[in-house]
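Biologist: I'm new to this one, so could you walk me through it with a few questions and answers?

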Amino acid sequence: MAQFFKPKKHTKTVTKVLTATVAALDHQARAVVRGQTRQQQTRFISGALPDEVIQFKTDGKHGGLLQRVMSASPERRPPPCQYYQQCGGCDFQHADEAYQLRHKQTVVTQLFNKFGVSADPLPWQPALLSEPNRYRRRVRLATRWLGKEQRLIVGFRAAQSHQIVPIADCLVADQVLLQVVNTLYPLLNVAAVASQLGHIEVINVNKPLVLLRLTGRLEDTVIAQLRDWQTTHKVDVWLQNDTETWSLNPAATAFDTSIDGDKLYFQPGDFLQVNGSVNQRMVEQAMNWLQPTKTQRVIDFFAGIGNFSLPLARRCKAVVTVEGVARMAQQTHENAQLNGLDNVTALTADLNQITVAELGEAADLWCLDPARPGAEGVVRLLQKLAPQQRPQKILYVSCAADTLARDVAAIEQAGYRLTRIGTVDMFPQTHHIETMVCLERVA
């Protein structure tokens, strides 16, 4: 008998407006509202704070949209950014900076307890603080060409949406960044250019640069106009497609500067910490916690362009950098050579599957700075090493507290104790948490 497709019936979600008291914040700084009965779901709502009485509209099974704050927390403040209610970039401006930091430390403590980290209490060190605004030296802006209106929209995406919120300025960004975009906008706001744009990235390090991510080819006349614009405004223009990244200025050199004054060259698309001043203090703290000496060998995993590698090389016998992206590994090698450091060996490896054979000779110190998924592959490698091959100290910098807690618990099981932990205020006005820990091998 023939079988005919019958679409499933969709149950229509009934939206309600409810009143409740906020119980807590979760690790994404969302308000937690617990159901009063078994039938009512716990809901997560952005924009509210603990102990506030709020009205919210239910959204799906576990979500909610804040409608009104009926009883405000003393920690609440008017968000300083004019785009805050629409923009999906910052999500914590409704609380003052001191509360933001306390919440982040609480989140880390809770996650470490959840994953079974044994240190109790955690050996907290003073937080590395940031300027609350104008700290970002790199921003990425979404673009959309409205063909009927013949107009380009440039801005940030709204929360949980593909909609773009047009902006003229960003409170957490270096003022130079949006000035560059606003000056370039008339040249971009034509169909021949805007219809080929994917996004715009602006960076201000040794000098401002703007990267145009292209989905198609720009005409030669447009390229000539961009060359003239960059000369007039002293801003390097870079272009990127699916296969390559190149600068319209043959003499363009983009570089960050290490704590020792070494130049860390990079190209747009390479990883670069967004908060330059805090990054400097973070690297200085890493050196203080690790205390490398001229007799020691160090392995720097997830090395990027050498943010930790070159300062380590200035202080130890030898550094092996391990990076998953071959182009960045090559850049680290070149950065070491250009700064007169001949004690750096750069390796490319899959850090999720790295083996003892790839690692080579044992090291005294390890440095880890992974992306949000964490360093699970490196931790597995550590567990496979014989005790005498394991490093004396491990420094771990993390931008995701949950994967950090998971990995620290596993490192402890390999014979280590947590000796220091501190938050790094890399992302004020957002829920994102940067944390640094140091672990030492137990004798």
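Modeller: Happy to, and here's a term we'll need: two strands pair if DSSP finds at least two bridges between them. Keep in mind that this is a predicted model.

Biologist: Then let's start with β5, residues 53-59: how many bridges join strand β5 to β6?

Modeller: These two strands run antiparallel. One spot to look at is Thr58, which stands opposite Gly64 in β6. Counting along the pair, the bridges that join β5 to β6 number seven.

Biologist: In the open sheet of six strands, which strands stand at the edges?

Modeller: The order across this sheet is β1-β5-β6-β4-β3-β2, with mixed pairing. An edge strand has a single partner strand, so one side of it is left without a neighbour in the sheet. That fits two strands here, β1 (17-21) and β2 (24-25).

Biologist: Staying with that region, is Arg68 buried, partly exposed or exposed?

Modeller: Arg68 is found in strand β6, residues 63-71. Leaving aside neighbours within four places in sequence, Arg68 is in contact with Val53, Ile54 and Gln55. Buried would need under 20% relative accessible area and exposed would need over 50%. Arg68 comes out at 47%, so the class is partly exposed.

Biologist: Two residues have a positive phi without being glycine, Ala29 and Asp51. Let me take Ala29: is Ala29 buried or exposed?

Modeller: Phi of Ala29 is near 65°, and Ala29 lies in the loop between β2 and β3 (31-33). The relative accessible area of Ala29 is 4%. The cut-off for burial is under 20%, so Ala29 counts as buried.

Biologist: And Asp51, buried or exposed?

Modeller: Asp51 has a phi of about 75° and sits in the loop between β4 (43-45) and β5. Its relative accessibility is 62%. With the line drawn at over 50%, Asp51 counts as exposed.

Biologist: Next, the other open sheet, the one of seven strands: which strands stand at its edges?

Modeller: Reading across, the order is β18-β17-β16-β19-β20-β22-β21, with mixed pairing. From one strand to the next, the twist averages 15°. Two strands have a single partner each, so one side of each lacks a neighbour in the sheet: β18 (344-348) and β21 (416-424).

Biologist: How many residues of β21 are buried?

Modeller: β21 does pair with β22, in the antiparallel sense over eight bridges; Gly422, for one, has Met436 in β22 as its bridge partner. Helix α1 (residues 97-114) also lies across β21 and β22 (434-441). β21 is largely enclosed by the rest of the structure, because the buried count is seven of its nine residues.

Biologist: Which strands does helix α5 touch?

Modeller: Helix α5, residues 276-290, packs on this sheet, and its direction makes about 10° with that of β22. The strands α5 touches are β19, β20 (393-398), β21 and β22.

Biologist: Now two helices, α9 and α10: how do they lie relative to each other?

Modeller: Helix α9 (residues 376-384) and helix α10 (residues 401-413) have their axes 10 Å apart and pack at an angle of about 5°. Angles under 35 degrees count as roughly parallel. So that is how α9 lies to α10: roughly parallel.

Biologist: What does the contact of α9 with α10 have, by class?

Modeller: On one side are Glu376, Val379, Leu382 and Gln383 of α9, and on the other Arg406, Asp407, Ala410 and Ile411 of α10. Sorted by class, the contact has four nonpolar, one polar and three charged residues.

Biologist: What about helix α2, which of its residues are buried?

Modeller: Helix α2 (residues 175-188) has 14 residues and reaches 20 Å from its first C-alpha to its last. What covers its buried residues includes β7 (138-146), β8 (151-157) and α4 (220-233). The buried residues are Leu177, Leu178, Val180, Val181, Leu184, Leu187 and Leu188.

Biologist: One more: how far apart in space are Phe255 and Asn206, C-alpha to C-alpha?

Modeller: Phe255 lies in strand β14, residues 254-257, and is buried at 14% relative accessible area. Asn206 is among the residues Phe255 touches. In sequence the two are 49 residues apart, but in space the separation is 6.1 Å.

Key. Residues are numbered from 1 along each chain as its sequence is written. This is a predicted model: local features need pLDDT of at least 70, side-chain atom pairs count only at pLDDT 80 or more; totals for chains, interfaces and linings use all residues. Side-chain values use heavy atoms; hydrogens and water are left out. Helices (H or I, at least four residues) and strands (E, at least two) are DSSP runs, numbered from the N terminus. Axes are lines fitted to C-alpha atoms, for helices over the stretch in contact, and angles run from 0 to 180 degrees between N-to-C directions. Contact means heavy atoms within 4.5 Å. Angles under 35 degrees count as roughly parallel, over 145 as roughly antiparallel, 65 to 115 as roughly perpendicular and the rest as oblique. Ala, Val, Leu, Ile, Met, Phe, Trp, Tyr, Cys and Pro count as nonpolar, Asp, Glu, Lys and Arg as charged, and the others, Gly among them, as polar. Buried means under 20% relative accessible area, exposed over 50%, partly exposed in between (1.4 Å probe, protein chains only). The expected span of a helix is 1.5 Å times one less than its number of residues.
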